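Please take me on a tour of this structure, stop by stop. I have it open in a viewer and would like to know what to select next and what is there.

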Amino acid sequence: MASATIASATPVLSVRNIEKSFPGVRALSGVSFDVAEGEAHALLGENGAGKSTLIKIVSGVFPPDRGEVIVDGKAVHLERPDDARRVGIATIYQELLLFPELTVAENIFMGHAPRGGFGRVDWRAMREKTKELLASLEIHDLDPDRVVGALSVGNRQRVEILRALSHEARILIMDEPTAALTEYDVRRLFDIVRKLKARGVAVIYISHKLDEIFAIADRVTVLRDGAHVATKRVAETDSAELVQLMVGRKIESLFPKITVPIGEPVLEVKDLVRRPLTKGVSLTVRAGEIVGLAGLVGSGRSELAQTIFGVTPAEGGEIKIRGKKVDIRSPGQARTLGIAYVPEDRGAQGLVRPMTVRENFSLAALGKVAFGGFIDRALERKLAGDGVKRFSVKTSSLEQVAGKLSGGNQQKIVLGKWLANQPKLLILDEPTRGIDVGAKAEIHRLMGELAAQGLAILMISSELPEVLGMSDRVLVMREGRIVAEFTREQATQEAAGAAMMGGQGVEQAA
Amino acid sequence: MTAATFARAEADPRRLFKALASQEALLAIAVIGLAIVVGLDNPRFLATRNLSDVLLGNAYIAVAAVGMSMVIVSGNIDISVGSLIGVLATLSGTLAVDGAPIAITWLAPLVVGILVMGLQGVVIAYLRIPAIVVTLGMLSILKGGLISVTGGKWITDLPDSFHLADIELFNILPMPVFLMIVATILAAWWMRYSARGRAIYAVGGNAEAARLVGISQRRTVVMVFALHGFFAGIAALLYATQLRVIQSTVPPNLELTIITASVVGGVSILGGVGTVIGSTLAAILIAEIASALVFVNVSPYWIRAVQGVLILVTVIADILRRRRMAGA
């Protein structure tokens with residue numbers, strides 16, 4: 001077995017004390033790990049733990065602030081993806097980077113096609129080499145002349161792997177390779193990974209599916225909040241330990257959830273269906289209550305929110321707002337019913353960047369400041385001014401262009417514009433993603449205040465400490481269903497984490 | 001904290017500078033500055049007759065640019081408007097020659113303009129086909145149709161009462177200039193103060209965010225195109241009635257001149273930003289430059305090149321501004 005030889009083999013790739021910061025965020029703080037020839041090394045961590053940043057550094061997308069990348073015992077400077085390719089590192093991202101109009105062979109040899117005389121492309125050699133590559137991995141059902149756009153996702157991924165091999169990659173990084181694959185394709189992918197290992201290729205495998213890690217990896221490195229937590233031999237660990245390593249941090253005292261009397265149900269959802277990602281969801285949110293919705297990316301949480309909000313109207317099931325059955329077909333209708341939705345992607349879905357702070361604040365409440373179709377400027381300014389004060393938005397004036405503000409201040413505006421409309425139910429999708437700690441604390445304080453005023457809040461968050469710290473109740477979603485429910489007292493990192501991952505000891509929701 | 005911040009901002013002398021640095025102010029300065037500079041070289045340029053000819057002959061471009069600006073602010077584009085103006089002018093003139101009541105000859109281009117542009121808006125918004133493709137198709141249909149129907153013949157023998165452009169209000173204000181000013185001010189006011197006007201900026205600035213606050217992108221786009229058709233109808237009337245004949249062709253690349261006026265006027269080609277005051281001032285500036293070229297003995301053919309430079313400069317400035325905004 002490959003794992004037996006790891007200890008003796010010199011690592012083909014090691015990273016040492018990598019640090020990387022982005023404005024307002026410390027993405028990596030001193031991460032080290034290494035991969036040996038023929039080893040599959042899994043990188044594990046929650047969303048935002050720093051996995052993506054780490055592999056982007058190793059693939060030369062951007063350089064680290066500090067620390068070094070060592071290949072074959074020599075430190076290398078990876079300024080561009082091309083540098084990484086030259087030292088034998090290839091990366092297969094979740095979004096496959098192929099040319100759909102070109103054939104399998106053309107995709108594999110894009111940029112380094114075999115040449116004949118006068119620099120012309122030697123098509124025959126290209127086809128032959130493609131066949132050799134296919135044969136080397138015992139793939140017999142892929143025609144080099146097929147157009148890639150006509151292939152299944154699994155086959156496209158194989159083309160990417162072949163492309164990496166055509167560059168004689170010795171280190172192959174795979175970022176969540178099974179996210180879009182069928183079971184059958186996953187098995188075929190594992191076959192290929194095993195063959196690559198046998199050929200001495202080092203594979204760095206990023207996933208948060210524990211069963212896959214146990215099936216394919218030799219060692220696993222766990223990252224948390226940008227730091228290295230542990231590296232374990234897969235044979236010497238179990239899923240309970242890995243979950244605990246992933247989420248096991250103490251909750252900072254950042255979350256000032258005030259205990260307030262819980263009132264009548266504001267939102268009642270029963271057996272809500274919207275294919276493909278909402279498969280019969282039931283939940284209730286009451287006045288004054290913050291309900292946290294935990295789950296992995298792709299578990300269907302944002303899709304559920306958008307179905308409740310009418311962006312993608314429900315196909316089945318029932319929604320009641322304050323006891324009355326409603327049929328929400330559009331966001332405008334949801335707004336009229338007193339629902340507010342602060343979307344996940346503030347830049348793309350929330351803020352109108354070229355508009356001023358004033359205009360952004362009044363956008364969801366134009367009906368409240370416009371009379372006979374015309375906007376009352378004084379009223380609008382007052383509304384925006386109140387919002388700026390209430391949310392302590394740091395802006396030079398109300399006429400400041402909103403796109404120029406910092407991320408935290410933009411988020412406050414996106415949140416604030418909905419409150420101008422005096423909603424009864426607030427759905428927050430990743431309310432503090434990508435904003436600095438100070439702004440985060442303020443958003444949390446505001447959420448507490450709003451709940452105290454009787455607003456019902458449904459909060460989606462991928463940060464477990466945030467969910468556990470802010471919520472009166474925690475619901476866990478996996479694969480389009482609510483799989484667990486915890487009270488504030490019951491909810492622990494381990495229990496919620498296990499439910500998210502589908503590990504053992506999951507309490508089924510009633 | 002915030003109250004104090006505002007107080008300081010109000011008193012900030014940089015605000016005056018900022019106001020002066022707005023696209024509209026820069027254009028106004030350019031219009032006046034150019035007149036002075038050229039006038040010093042050749043005083044005949046400043047003759048009332050020349051200046052009023054410049055305004056009279058180009059008012060229809062400014063009026064069409066009002067609608068175009070709305071379309072571009074909403075995140076779309078229209079390249080069919082030049083051909084549409086030709087069709088509407090011919091339609092109106094044909095009705096007049098056939099003896100239709102004057103009110104009908106004036107109303108028809110407005111109604112047909114709204115219908116044609118509104119239809120394009122429906123195709124763009126509801127079938128989700130890019131505006132450039134839809135309007136390119138319409139451009140060919142209108143241009144080809146017009147030449148085929150008229151056989152390239154000009155319309156003459158127009159009744160005197162048809163000539164809207166000849167009317168002078170209070171014996172001093174020519175109708176084209178009056179309509180240009182009224183259209184600009186009304187549209188500017190409406191875009192600034194109405195909820196629907198605000199919706200145009202929201203849809204153009206971030207369609208997804210607009211949708212999530214319940215602003216219908218589709219309805220907004222159809223409305224904008226219908227309005228654009230209305231202004232194209234007025235522009236066609238001014239164009240049709242400024243001479244004694246109606247040619248079956250419009251000036252080449254008329255739509256590009258109109259788009260130039262919008263873009264140079266500060267309307268962002270990426271949508272969400274701009275005013276019709278800017279586009280009207282830019283239309284005047286472009287006409288003024290064309291006239292000035294003649295007075296300083298430069299071939300008027302250079303006007304296209306000058307337009308090109310203006311477009312590139314404003315678009316590059318706009319993109320750089322946006323990029324800085326996104327970076328902050």
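Start by selecting A:N17, which counts as partly exposed because it has 14 C-beta neighbours inside 10 Å. For burial, C-beta atoms are placed from the backbone: a residue with 20 or more other C-beta atoms within 10 Å of its own is buried, one with 12 or fewer is exposed, and one in between is partly exposed. A:N17 sits in strand β1 (residues 11–22) of chain A. Helices (H or I, at least four residues) and strands (E, at least two) are DSSP runs, numbered from the N terminus. Look at the backbone here: A:N17 is not a glycine, yet its phi is positive, about 50 degrees.

Before moving on, note that this is a predicted model, in which local features need pLDDT of at least 70 and side-chain atom pairs count only at pLDDT 80 or more, while totals for chains, interfaces and linings use all residues. Residues are numbered from 1 along each chain as its sequence is written, and chains are lettered from A and ligands numbered from 1 in the order in which they are written.

Next, select A:E138, another non-glycine with a positive phi, about 55 degrees. You will find A:E138 in the loop between α5 (123–136) and α6 (153–166) of chain A. With 9 C-beta neighbours inside 10 Å, A:E138 is exposed.

Now go to A:R275 and A:P276, which are joined by a cis peptide bond with omega about 0 degrees. A:P276 belongs to the loop between β11 (265–274) and β12 (278–286) of chain A. Most residues other than glycine have a negative phi, and most peptide bonds are trans.

One more stop in chain A is A:Y184, in helix α7 (residues 183–198). A:Y184 is exposed, with 10 other C-beta atoms within 10 Å.

Time for the interior. The largest nonpolar core (buried Ala, Val, Leu, Ile, Met, Phe, Trp, Tyr and Cys residues joined through C-beta atoms within 7 Å) has 242 residues, and A:I427, B:V63 and B:A64 are among those with the most contacts inside it. Helix α11 (residues 217–241) of chain B gives the most to this core, 16 residues. Select B:A64 and look for B:V81, B:I85, B:F231, B:A232, B:A235 and B:I258, which it touches, leaving aside residues up to four places away in sequence. Two residues are in contact if their C-beta atoms, placed from the backbone, lie within 7 Å.

Stay with α11(B) and add helix α5 (residues 81–97) of chain B: the two pack at an angle of about 60 degrees, with their axes 8 Å apart. Axes are lines fitted to C-alpha atoms, for helices over the stretch in contact, and angles run from 0 to 180 degrees between N-to-C directions. α5(B) and α11(B) are therefore oblique to each other; angles under 35 degrees count as roughly parallel, over 145 as roughly antiparallel, 65 to 115 as roughly perpendicular and the rest as oblique. Their contact includes B:V81, B:L84 and B:I85 of α5(B) and B:A232, B:G233 and B:A235 of α11(B).

Finally, add helix α6 (residues 102–126) of chain B, which packs with α11(B) at about 150 degrees, their axes 7 Å apart. That makes α6(B) roughly antiparallel to α11(B).
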